Amino acid sequence: MPTRGEEIGPIVRLQVQKVPIKRRGEGYVPEGLLVVDRAAVDAWGMVGWTGDAWVVDAHHTAHPSRRGGGRRPLSIGFTGHYAEMERRFGHAPIGIAGENCIVDGPPLTLSELGDGVTVVTADGTELALERPRVAAPCVEFTSFMLGLDEVAPLADIEGPLADLHDGRRGFIVAADHARDAVQIAVGDRVFRGVPG
């Protein structure tokens, strides 16, 4: 069996963006987020199960908007980052940053994530989420977190925007090896490292 690192924690939230929630220059609209109990992930993106139908995430290659052109199959965040955002901004409901998968775990840096993480499902199936990169914060989300009515100019919010960097806004990961969809669910465990 492939080796993996220490357990980070369980998945506590899965969500898809039904429509893009960042509207460049207009604002951040989290109402486009849909919480789901399970999802299917493959190399082309993520879909979430509502109980009645599969909903395609806005970053999936099959979504009409094709945000990210399929180069962003999944994003992942950690509850520890939400605690840091709450201290900084006074509020940070879990999931507000729009990540697809939120794990109950400490705040982790890009270097601590290394080559990625592995999700282990209830039946033991492993899903490698590789090549993490920081989901860069934007002026729309930063303005939203500051409670502003309009998108602020970058020069006015450089400090708060910098506070959202280094993974606090989440990480983008790839699922290149998942040629067939792997179903993941709330409660599945997440470990550091990917199978070698």
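Let's start with Arg131. It is exposed, with a relative accessible area of 53%. That puts Arg131 past the cut-off, because exposed means over 50%. Keep in mind that this is a predicted model.

What does Arg131 meet in a salt bridge? The side chain of Asp176, at 2.6 Å, N to O. The two residues sit in distant parts of the chain, 45 residues apart. Arg131 is in strand S11, residues 126–134. Asp176 is in the loop between S12 and strand S13, which spans 182–185. Asp176 is partly exposed, at 28% relative accessible area.

Now the wider count. The structure holds five salt bridges. I'll take two others, both involving helix H1.

Next pair: Glu84 and Arg168. Their side chains form a salt bridge at 2.8 Å, N to O. Glu84 lies in helix H1, residues 79–89. Arg168 lies in the loop between helix H4, 158–163, and strand S12, 171–174. So this pair ties together parts that are 84 residues apart in sequence. How accessible are the partners? Glu84 is partly exposed, with a relative accessible area of 21%. Arg168 is partly exposed as well, at 24%.

Last pair: Arg88 and Asp163. Their closest N and O atoms are 2.5 Å apart, in a salt bridge. Arg88 is in helix H1 and Asp163 is in helix H4, so the link joins parts 75 residues apart in sequence. Arg88 counts as partly exposed, at 36% relative accessibility. Asp163 is partly exposed too, with a relative accessible area of 30%.

To recap: helix H1 contributes Glu84 and Arg88, while strand S11 contributes Arg131.

Technical notes: Residues numbered from 1 in each chain as written. Predicted model: local features only at pLDDT ≥ 70, side-chain atom pairs only at ≥ 80, totals over all residues. Heavy atoms only, no water. Salt bridge = Lys/Arg side-chain N within 4 Å of Asp/Glu carboxyl O. Helix = DSSP H or I, 4+ residues; strand = E, 2+ residues; numbered from the N terminus. Buried < 20%, exposed > 50% of the residue type's maximum accessible area, 1.4 Å probe, protein only.
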